[in-house]
Every structure is written in structure tokens, then in C-alpha cells.
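Thanks for making time this morning. I would like to walk through one model with you, starting with the ligand site and then turning to the metals.

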Amino acid sequence: MDIKIRTAEPLEVATPCLVVGIFEKEMASRKLEALSRLLGEEAGSLIDAGEFSGKARETLLLYLGGKASCRRALLVGLGKREEASPEKLRQGMGTAVALLKEKRIDSPAVDFASFCHDAATVRETAAALTEGLILADYRFFRYLTEKAEEFPVPLREAVFCVAGGISGKEVEAGVDLARKVCAGVVLARDLVNEPGNVKSPAYLADRARQVAEEAGLRCIVLEKAELLREGMGALLGVAQGSSREPCLIVVEYAGAGRREAPVVLIGKGVVFDSGGISLKPAENMDTMKMDMAGAAAVLGTLLAAAALRIPQRLVGIIPAVENLPSGTAIRPGDILTSLSGKTIEVLNTDAEGRLILADALAYAKRFQPACVIDLATLTGACVVSLGHQAAAILGSDQELIGKLIACGEKSGDRLWQLPLWDDYCELVKSDVADVKNSAGRAAGTITGAAFLKKFAPETPWAHIDIAGTAWEEKGRPCCPKGGTGFGVRLLIDFLRSLGG
Ligand code: BES
Ligand code: MN
Ligand code: ZN
């Protein structure tokens, strides 16, 4: 989608539809005078009838019948002005986009000033609106051959009409920032939505190489032979049930030179998780193609970070495997020797994410990282505790966790902390090996993190369990069904907050 910025009075712009943001109960305010004049008594009666009050996500499509240069005005509710936030703006714009797509209006204009409020700068407002536009417009239709015409149209362009002393340069800066971040989110969504038959570990490696080529990053892929040589027994153990070979993908962005201690981002890359010999139930197993959403978020973040020239050194590490049952698969009771030298008793082959992350965390130490953040669709228990509204965060360093939580609030990729007391670490001890990969149902998200802690470097480390937030079941204003791209906006916000 092309996003243009024009200095113009919104109501004087020739457009099929002008999108106007309205805060709750401000329908009658001075700002809307021009619009009310156009609509005359009509508008008054609609408001009196309670048809539109500006509550979050309310919409009202008005046909202006030749009274203005714009043919239609789409009013979208933003909720109370005192409660305004970037997320509310995103959602407001996302709601408008859904309606536009349905009506097949593909080139709207936006009354920029109507979305402005005191709690956000012009740049932040422009970024939030751009995110709303792009993320709500996103669809995964690569494999649709028949339904194309019934499909909601993609937006072709959107024009931000900026008037009344608002700096066009600032709007431009916000649009540019959000566009680059959204390219990362879109990449992550595409990767998650790609079906398992296409998405082998080798496919992930190919896409990583492509992204690296495009964005000027370094990419190396450790193939199976190298993984064997290195001694990544935990990762290889998970992979051995599938005929598709595993790999470890390493992507590096040297925004601050190669000597700087990097921020290491690790993403779980299980391209399909059947559970292995500890097979999952058939129902909804199809969604387990999303078990590489952590990997997708890491790649999306690297793409966006490079486009934004973030002044940090970043290393992305993606262990990529498939978890299938077969005659060569690992079995419950097997003991694996991980890269760290620690031995792991595999009690449940469906707790495979922590096995591959164990080797990735040990591998991360070579980069002498400033900090390590891993993202993983790790536990069903996370969905039970936090649902689809927030990801769980746990780790070894409260300062890092606190920063990430704050960035989550701002970016909309929300996080909620769970405790990681030593008592929980007791629970993953094994009778026959150094650690076991499953501690049963109780506190599943925490014991998953407690397992990872045994392999995490001494440096500040945070683990983000995105099992509930990586996949959208129903469709929300800024996120259609499927992969959400959760984590990209969070991590970019975090990296930008580090300065440099
Ligand atoms: N990939 C799953 C976790 C998951 C569940 C992600 C639902 C997204 C939605 C993970 O590999 C898994 O199967 N975890 C097990 C761990 C258990 C066996 C200790 C789980 O949560 O049941
Ligand atoms: Mn599993
Ligand atoms: Zn899994």
C-alpha cells in the first residue's frame, strides 16, 4: 500500500472516503463543525438517535451525496480522549480498514488531525495509524486460486491529509518508521502462515538467507553434519524423527560494529510440532505449523532493525527442526547430551521446544552477548494462564524484564511476568540425568522457563512464551486469522529504547 502525505483541508480532498477519528462524546464538538455543516440536520439526528457516540470501534459510514469533495465519510470511534493510547489509534484505524475492505474502497483519505491527542506526538500518531492501516490490510492469500473476487480488496493507497500547523515532516517520519516495522511483522506473519509441507527447516534457512541478502545481513546456516560435530545432541534428538534435516540459522546485523557485545535473539523454529511419540490429539493439530513463530519474530525483527539502521549489534539464532513420530524418533525415557554437556532426560517428546532452545542458548554464549532474549511458543499452559491477550515473560534479570514489559505496553505486544523462584528450578531435576524436560502439568510455563534457565548464559536473559499470542483464531481489528507477527514490534521498540 502506498501511503501519501498531503497538506490539505481533509474535507476539500477528492477521495472516495475520508476516515475521521472521533473521541467519545465529541461528536458535537467544534472540530466536527465543518462535517456537521455538510451533513446538516442529518448528523444531528443520527447523534440524537444514539447511532454513533465515538465509543472504541464504533463506525458510521456517511454518504455525502455530492455535498463535499469526498464522496463518503467514515467515522470511527476512538473511545475516551483521556484514555487514548497508540493501541487505541491502531485499533480504530484497523476497524476502519476492515469496513473499507468490505465496501471495496481501496484508496481512502485520512483526516490526520482528528486522530491527534495530547498524550502522543505527531510522529507517534502517524506511526500508530500507519501500523493500523498495514496490519489490518494484511491477508495471506498465496494459495487462493478461486475465491479471489469475493475476497476483501487490498488497499491500494491511503492519503494522510495534514492541515492546521501539523508538521508534515513529523508525519513522514512516523509513517516511515512504521512502514519498516510492519515489513518485519508481515514477514513474520507470512512465515507462520506458510503450511508445514512447504515450510521445512531448509525453507526457513532459505528465507533467512534471502532476508539477509535483501537487508545486508550476515547469515550462516549450520547443517546437520556441523550440528553433529558441535555436539548439539538436544536439537538433533528432536529432529531425528523427521526425514527433513534440522539446521541452526544464525543471522547477524552489525549496526554497532562487530566488536560490540550483541543483543542475542533466539527464536524457537519447530516447523511442525506433532508432539512426536508423545503424539498430540488430532484436533487443531494443524495449527502447530505455527510452532516456529519465535523464529519468525526474530527474522522479522532483524529485517526491520536493519531497515531502521538501529545502532546495535544483533545476532539472531534459530534452531530449526520438525517434531514427528517415526521409527527413528526419540522416545520418552531417552537421555540426550546437550551442547552444554548437560544431560537431559526426555520424559515427554512433546516438550521439544526447550530441547532445541537448550542448545541454542548454549551456542549463544560464543557471542559474549550483552543480553539474550528468547521467544518461543513453548507451553500450552501459557494459553491457560494468560489467554491470547499477553505473552508470559520470565528470566534472570529484572531490569531487562522491566524494560521489555514497558515496551510491550507501548507497542501493543503485551507481556506479563511470571515468577522464576529457585523452588521451581527444583522441579526439573531428574533421577537419571542432570535435568528432565517435563515436570508435569502444574506451573507448566514456569517449569519450561526453569528448564531453560539451566542453559541460559550468565548475562541478563529473558524468556518470552508466545504460545497464546502467536496465532489468531478469530481475527481482530489489526490482525486477521492466522499468524500475528507478535514480538517484532515489541523487540524493535526495545532495541530503539537502547539508543546507541
Ligand atoms: N508447541 C507446544 C506448545 C503450544 C501449545 C504452543 C499450544 C501453542 C499452542 C509445545 O511444544 C508443547 O507441546 N508443550 C507441551 C509441554 C509439556 C509436554 C511439558 C505442552 O504445553 O503441553
Ligand atoms: Mn510440543
Ligand atoms: Zn512445540
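Before the contacts themselves, one term: by a polar contact I mean a pair of N or O atoms within 3.5 Å. Please also keep in mind that this is a predicted model.

With that in hand, look at ligand 1, where an oxygen atom of the ligand is 2.9 Å from an N or O atom in the side chain of K280, while another pair puts a polar side-chain atom of D350 at 2.8 Å from an oxygen atom of ligand 1. The backbone takes part as well, since a polar backbone atom of L378 lies 3.3 Å from a nitrogen atom of ligand 1. Taken alone, ligand 1 would expose 520 Å², and 81% of that is buried by the protein.

As for the surroundings, ligand 1 sits in the largest pocket, and there are 17 residues around it, of which D273, K280, D350, E352 and G380 come nearest. Sorted by character, that shell holds 7 charged, 5 polar and 5 nonpolar residues.

Some of these names return when we move to the metals. The manganese ion, ligand 2, has as its protein donors D273 and E352 through side-chain oxygens, and D350 through both its O and its OD atom, at 2.0 to 2.2 Å. In sequence these donor residues follow the spacing D-x76-D-x1-E, and the site, with 6 donor atoms and angles of 71 to 169°, is classed as irregular.

What, then, coordinates the zinc ion, ligand 3? Its donors are K268 through NZ, D273 and D291 through OD, and E352 through OE, lying at 2.0 to 2.4 Å. Here the spacing reads K-x4-D-x17-D-x60-E, and the angles among the 6 donor atoms run from 78 to 176°, giving a site that is octahedral.

Finally, how far apart are the manganese ion and the zinc ion, and which residue bridges them? The two ions lie 3.1 Å apart, and D273 is the bridging residue; D273 is also among the residues that come nearest to ligand 1.

Definitions and conventions: Residues are numbered from 1 along each chain as its sequence is written. Chains are lettered from A and ligands numbered from 1 in the order in which they are written. This is a predicted model: local features need pLDDT of at least 70, side-chain atom pairs count only at pLDDT 80 or more; totals for chains, interfaces and linings use all residues. Side-chain values use heavy atoms; hydrogens and water are left out. A residue is near a molecule or strand if one of its heavy atoms lies within 4 Å of it. A polar contact is a pair of N or O atoms within 3.5 Å; within protein, one must be able to donate a hydrogen and the other to accept it, and residues adjacent in sequence count only if both atoms are side-chain atoms. Accessible areas come from the Shrake-Rupley method with a 1.4 Å probe; for residues, only the protein chains shown count as cover. On a 1 Å grid over the protein atoms alone, a cavity is a set of points where a 1.4 Å probe fits but cannot get out, and a pocket is an open set with protein on both sides within 12 Å along at least five of seven lines; lining residues have an atom within 4 Å of a point. A molecule sits in a cavity or pocket if more than half of its atoms lie within 2 Å of its grid points. Ala, Val, Leu, Ile, Met, Phe, Trp, Tyr, Cys and Pro count as nonpolar, Asp, Glu, Lys and Arg as charged, and the others, Gly among them, as polar. Donors are N, O and S atoms within 2.8 Å of the metal (3.2 Å for Na, K and Ca); water is not among the atoms, so sites may look incomplete. Four donors count as tetrahedral if all angles lie between 85 and 135 degrees; four count as square planar and six as octahedral if opposite donors are over 155 degrees apart and all others between 65 and 115; anything else is irregular.
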